[in-house]
Amino acid sequence: MAVLTGYVEHIIYRNEENGYTVLELAADSGSFTLVGTMPMVSEGEPLEAEGEFTTHAVYGEQLIVSRYEVTAPQDVVSIERYLGSGAVKGIGPSLAARIVKKFKRDTMRIIDEEPERLAEVRGISENGARQIAAQVAEKRDLRQAMLFLQQYGISLNLAVKIYEAYGPQIYTILQSNPYKMADDIPGVGFRVADEIAKKAGIHSDSDFRIRSGIYYTLMRGVQAGHVYLPQEVLLRNASKLLGVPQEAMEKHIMDLVLDKRLVVKERDGEPIVYAATYYYMELNTAKMLTDLDVAYPMDTKQMEDWLRRIEAEEKLELDVRQREAVAEAIGRGVTVITGGPGTGKTTTINTILRYFEMEGLQIELAAPTGRAAKRMTEATGYEARTIHRMLEFMGTPGEEEHGDGVHFERNENHPLDADVVVIDEMSMVDIYLMYALLKAVPVGARLILVGDANQLPSVGPGNVLRDIISSGQFHVVKLTHIFRQSEASDIVMNAHRIHSGESIDYGKKSKDFLFVRRQDANSIINATITLVKEKLPPYVHAKIFDVQVMTPMRKGVLGVENLNKILQEYLNPPSDKKKEHTSPHGILREGDKVMQIRNNYQAEWEIVNRYGIPKEKGTGVFNGDMGFVKELNLFSEEILVEFDEGKQVRYPFRQADELELAYAITVHKSQGSEYPAVVIPVLTGPRMLMNRNLIYTAVTRARKCVCIVGVPEAFQAMVDNAEEQKRYSGLNACLEEMAQWKENMENL
Ligand SMILES: Nc1ncnc2c1ncn2[C@@H]1O[C@H](COP(=O)(O)OP(=O)(O)OP(=O)(O)O)[C@@H](O)[C@H]1O
């Protein structure tokens, strides 16, 4: 650790949002560059800073500041330099000189204690004197708060956020209920608050702690895809987290219910617990969906005539189920069409679109991901958008809808201008998005939901598509005939075999479903590298980055983390020409294939033309979006990533934790995307993950070729394992209750 004292000569760079600062410090022993979060340091101020010296490849020696303190200027020279530096608005060098000439070493005390006397200086009015005093006091408060927060081991970055949220109230909040921060401040979770509470001497059985821990456990459940948790599971997990017996917690659940933060219901005779927001989200989703599902009068003769016309034009004949699907879409407010790959879903959507177009209805077509939307556009010739874009989401915080600053311009007050809304890849739609979508679908519009219910459920919470189907309250058409069979696609045929748990012919010479037998992890990795780098790109006529490696796990030799490190070495090795940055997830290098790993609604993107001039702008990058590192700027500390469709996003280094290498991805993250070729290494793994549902999803991501590398027995074991990870979601139950209620009302 080195300690430097001096005064701030020059602020070289400052990020006003997070206080990240590069400055030049004039110390007795010379001039130094200091880097760190120093939000309210101004030029001219005396500073004491502690940190580690590092040598930056471009900018040379720098002190990376871990702690700093702005000391009050003592001698007249320092006082004059400080006041004249522009740190206090309204005072320039000449006024500073006059003030110091008058009050000398007493200047700072006068500003603090008798600010009205500043008016004795020529050029300062009484009002001006008061404003100067207020500014100096505000800076002093902020500084004190920073010092106070640092005692609790809070990083400077977080300290700024906490101060911005609470101002002078931080002292009481931190010492009485630091858990409040977990509710109010993004970036402070229960664990951070708990650390702080420990330092503040708060007891482990404090009411605040237990309540915060219960809520945190529930939200962890949401992150894992559950909408609620059975009370028993909640208490067990919260008890483990808090080290407090379950009996001591039940009363707190009731308190949280009274505070309207939790809702307790009964399902199958057991109490279940929702975070209130999710309960109402699920309930309203059920209500809106039920309300939309009205019967529309149908002219059967017209339908038959028009369908024949469409079939003649398209040169195809719909099968019975496809016809049924079209008829349902015409006659009902809500229709669900589900089926595996190649069962004619897209063809059915196409016919429905043509039909409604002939009726002159206004149609909206959307899918949950950009890739899926693009595929829809290509397959139907109608413009399809992502659901987010269709709903015109705004990344600006304010009217918070589910706590992360999301707001959709299209909602109940400003619904979509549509008579028909078709959503594809419904299996990926979570409860948030379904709720947002339904708010924007106008009363009287038809909603057609299309998807493959056997895919893994959405990454976000809920089991929307399956719940809608299993509720039994809507017209669901299941397409089962495999049309693509005639094209001899083993991907499609094997996907259906996997779905029904049949065994696969591993010895068959197939063009698109290849099995590369390897017995151990190292040989599997070697074969994977050769396939991605050399064999598959020419085979499927695609670029190396279009070949996607997928694996069930994150950890382990064949987990995403390890595979990414190895594939990075082979596909984008270090070079003098490529800049690098070490992010929380490892090294990012120019040219790397990366994935955005959480929804960032605020991130700004732009699409530039070949002269670098922006031609389109917008906000939002989403969990699962893939791109590559186009440029690393070590001076402005930014990573420029280009995503699909040429969307470029700049990430400050501190936000690099939103990016992960994507040479290999988990099957969960692959949902909704399709790739020309997919490589799946298979050896062993946790039984919960190694299941049929997962391998089915993985295989159906491939358009032209699937390559399984490993042991056939391990693959077959996955096909045989029909167990699934349990998801606690109650949309089906809500829908059933709603229908029951409606029936009761009608019978009254
Ligand atoms: N009624 C039909 N008669 C003849 N061919 C059909 C019929 N319906 C669909 N097909 C053909 O079967 C193939 C698969 O259909 P489609 O793309 O509509 O299925 P899908 O369920 O959307 O498949 P995927 O989910 O794999 O994209 C296409 O080549 C399509 O032209």
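This report describes selected features of a predicted model, moving from a pair of strands to cavities, salt bridges, an annotated site and two loop residues.

## A hairpin of two strands

Strand β19 covers residues 580–583, and its side chains alternate along the strand: His 581 and Ser 583 point to one face and are buried, while Glu 580 and Thr 582 point to the other face and are not buried. This can be compared with a general pattern, since in a regular strand the side chains alternate between the two faces of the sheet.

The partner of β19 is strand β20, made of residues 586–589, and the two strands pair in the antiparallel sense over four bridges. A hairpin of two residues makes the connection from β19 to β20. Within this pairing, Glu 580 has Arg 589 of β20 as its bridge partner, and Glu 580 is also one of the β19 residues whose side chains are not buried.

## Enclosed spaces

Rolling a probe the size of a water molecule over the atoms shows where empty space is left. In this model, the count comes to four cavities of 30 Å³ or more. The largest cavity holds about 50 Å³ of space, and its lining is made up of Ser 427, Val 429, Ala 453, Gln 455, Leu 456, Pro 457, Ser 458, Asn 463, Val 464, Leu 465 and Arg 466. Sorted by class, this lining contains six nonpolar, four polar and one charged residues.

The second largest cavity holds about 40 Å³ of space, and the residues that line it are Val 532, Ile 544, Phe 545, Val 547, Val 549, Leu 567, Leu 571, Lys 593 and Tyr 663. Two elements, β18 (547–551) and α22 (560–571), each give two or more residues to the lining of this second largest cavity. By class, the lining of the second largest cavity has eight nonpolar residues, no polar residues and one charged residue.

## Salt bridges

Side chains of opposite charge can pair when their charged atoms come close. The model contains 39 salt bridges by the rule used here, and three of them are described in this section, beginning with two that lie within helices. In helix α7, which spans residues 180–184, Lys 180 and Asp 184 are four residues apart, about one turn of the helix, and their side chains meet in a salt bridge with an N to O distance of 2.9 Å. Lys 180 counts as partly exposed because its relative accessibility is 33%, and Asp 184, at 37%, is likewise partly exposed.

In helix α11, formed by residues 250–258, Lys 251 and Asp 255 are also four residues apart, about one turn of the helix, and their side chains form a salt bridge with an N to O distance of 3.7 Å. Lys 251 is partly exposed, with a relative accessible area of 48%, and Asp 255 is partly exposed at 22%. Elsewhere, salt bridges that share partners join Asp 106, Arg 109, Glu 113, Glu 114, Arg 117 and Glu 120 into one network. Within this network, the side chains of Asp 106 and Arg 109 meet in a salt bridge of 2.9 Å, N to O. Asp 106 is partly exposed, with a relative accessible area of 31%, and Arg 109 is partly exposed with a value of 31%.

## An annotated binding site

An unreviewed UniProt entry places the feature "binding site" at Gly 342, Thr 343, Gly 344, Lys 345 and Thr 346. Of these residues, Gly 342 lies in the loop between β9 (334–339) and α15 (345–358), and Thr 343 has its place in the loop between β9 and α15 as well.

Are these two loop residues buried or exposed? Gly 342 counts as buried because its relative accessibility is 16%, which is under the 20% limit for that class. Thr 343 is also buried, with a relative accessible area of 2%.

## Two loop residues with positive phi

Lys 104 has a positive phi of about 50° although it is not a glycine, and Lys 104 lies in the loop between α2 (93–103) and α3 (107–113). Lys 260, also a residue other than glycine, has a positive phi near 65°. The place of Lys 260 is in the loop between α11 and β7 (262–267), and Lys 260 counts as exposed because its relative accessible area is 70%, which is over the 50% limit.

Notes:
Residues numbered from 1 in each chain as written. Predicted model: local features only at pLDDT ≥ 70, side-chain atom pairs only at ≥ 80, totals over all residues. Heavy atoms only, no water. Buried < 20%, exposed > 50% of the residue type's maximum accessible area, 1.4 Å probe, protein only. Pairing = 2+ DSSP bridges. 1 Å grid on protein atoms, 1.4 Å probe; cavity = no way out; pocket = protein on both sides within 12 Å on 5 of 7 lines; lining within 4 Å. Points joined across faces, edges and corners; volume = space filled by probe spheres on them. Nonpolar A, V, L, I, M, F, W, Y, C, P; charged D, E, K, R; others polar. Salt bridge = Lys/Arg side-chain N within 4 Å of Asp/Glu carboxyl O. UniProt positions renumbered as here; feature names shortened; annotations may be inferred.
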